[in-house]
Amino acid sequence: MSDSSQDHPEFFKPAPEEEPQGLGFAGVNGSQTTEDAPAVEAAPSNRTTGALVALLGGVLFAVLYALAAWGYSAAAWMYGDSAEGTQAAVFIQDRTIAFLSTPVYWLTAIAFTLYFVILAILINKGHWRTFVLWGLVVAILTYATAIGAGLLTVRAWTLTLSEALDFMWHGIAFNPLVLVAVVLSREIPIWFGGWIAVKSRKLRDAPEVTE
């Protein structure tokens with residue numbers, strides 16, 4: 001009688017042990033069962049640079065606005081009747097410092113900086129023309145903030161409605177320093193937006209690296 005293990009050796013061999021299947025984990029013997037997926041690189045952003053440049057634009061706004069207040073005070077001394085008998089340096093200094101301590105100055109400067117930073121972050125890698133277009137919105141918001149700051153300065157809540165409206169239209173809406181704020185808030189996003197757009201163009205033109 002023949003040995004069946006010799007006639008059919010394949011039936012008597014031990015079954016091969018299957019390695020445990022895993023989702024990217026090492027098996028019992030420490031071998032890796034699957035290959036790691038290639039890392040996906042995040043697209044480059046221009047938000048940080050844009051925000052920093054916008055902050056610099058806000059600093060320039062504050063400086064130019066203070067210089068405008070000084071120039072307006074100097075003009076008031078030269079052409080105003082209230083400056084008679086007062087030294088120029090004293091009059092200009094007192095009048096300028098008085099304006100710089102009002103919400104019309106510091107609240108408007110802070111608001112413009114905030115508006116410009118938000119715009120730069122939202123545009124990110126956009127074109128320069130986008131800053132030109134949406135910079136108009138920044139100017140409108142800054143103008144509205146300056147009017148609100150003027151009403152805050154005179155404590156408009158203590159006035160009647162007619163008095164508050166009269167002050168808003170005749171005292172603050174067309175005040176030269178408020179109009180200066182509008183001009184600055186319109187021009188600075190245009191020129192500094194062009195600075196931001198230079199790097200944006202480099203990021204857009206950079207070749208994408210694919211694995």
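Two residues count as being in contact when heavy atoms of theirs lie within 4.5 Å. Keep that cut-off in mind as we walk through this predicted model.

Let's start with the overall layout. The protein chain has 7 helices and 0 strands, so from the N terminus on its elements read α-α-α-α-α-α-α by the DSSP assignment. Of its 211 residues, 32% are buried. Among contacts with a separation of 6 or more, 71% join residues that sit 24 or more positions apart.

Now step inside. The largest nonpolar core holds 33 residues, and those with the most contacts within it are Phe61, Tyr65, Phe99, Val104, Phe116, Phe131 and Ile188. Two or more residues of this core come from each of helix 2, helix 4 (103-123), helix 5 (128-153), helix 6 (161-172) and helix 7 (176-205). Helix 4 is the top contributor, with 9 residues. In soluble globular proteins, nonpolar side chains tend to be buried together.

Val104 is a handy place to pause. Setting aside neighbours within four places in sequence, Val104 touches Tyr65, Phe99, Ala146, Ala149, Gly150, Thr153, Ile172 and Val178.

Finally, come out to the surface. The protein chain exposes about 14,200 Å², with carbon and sulfur atoms supplying 66% of that area. One nonpolar patch of about 610 Å² is formed by Leu56, Val59, Leu60, Val63, Leu64, Leu67 and Trp195. Helix 2 (residues 47-79) gives the most to the patch, with 6 residues. Why does Leu64, a residue of helix 2, count as partly exposed? Its relative accessible area is 32%, and partly exposed covers the range between under 20% for buried and over 50% for exposed.

Terms used. Residues are numbered from 1 along each chain as its sequence is written. This is a predicted model: local features need pLDDT of at least 70, side-chain atom pairs count only at pLDDT 80 or more; totals for chains, interfaces and linings use all residues. Side-chain values use heavy atoms; hydrogens and water are left out. Patches are made of residues with over 30% relative accessible area and no salt bridge: like charges are joined within 9 Å, nonpolar side chains (Val, Leu, Ile, Met, Phe, Trp, Tyr) within 5 Å. Accessible areas come from the Shrake-Rupley method with a 1.4 Å probe; for residues, only the protein chains shown count as cover. A salt bridge is a side-chain nitrogen of Lys or Arg within 4 Å of a carboxyl oxygen of Asp or Glu. Helices (H or I, at least four residues) and strands (E, at least two) are DSSP runs, numbered from the N terminus. Buried means under 20% relative accessible area, exposed over 50%, partly exposed in between (1.4 Å probe, protein chains only). A nonpolar core is a set of buried Ala, Val, Leu, Ile, Met, Phe, Trp, Tyr and Cys residues joined through side-chain atoms within 4.5 Å.
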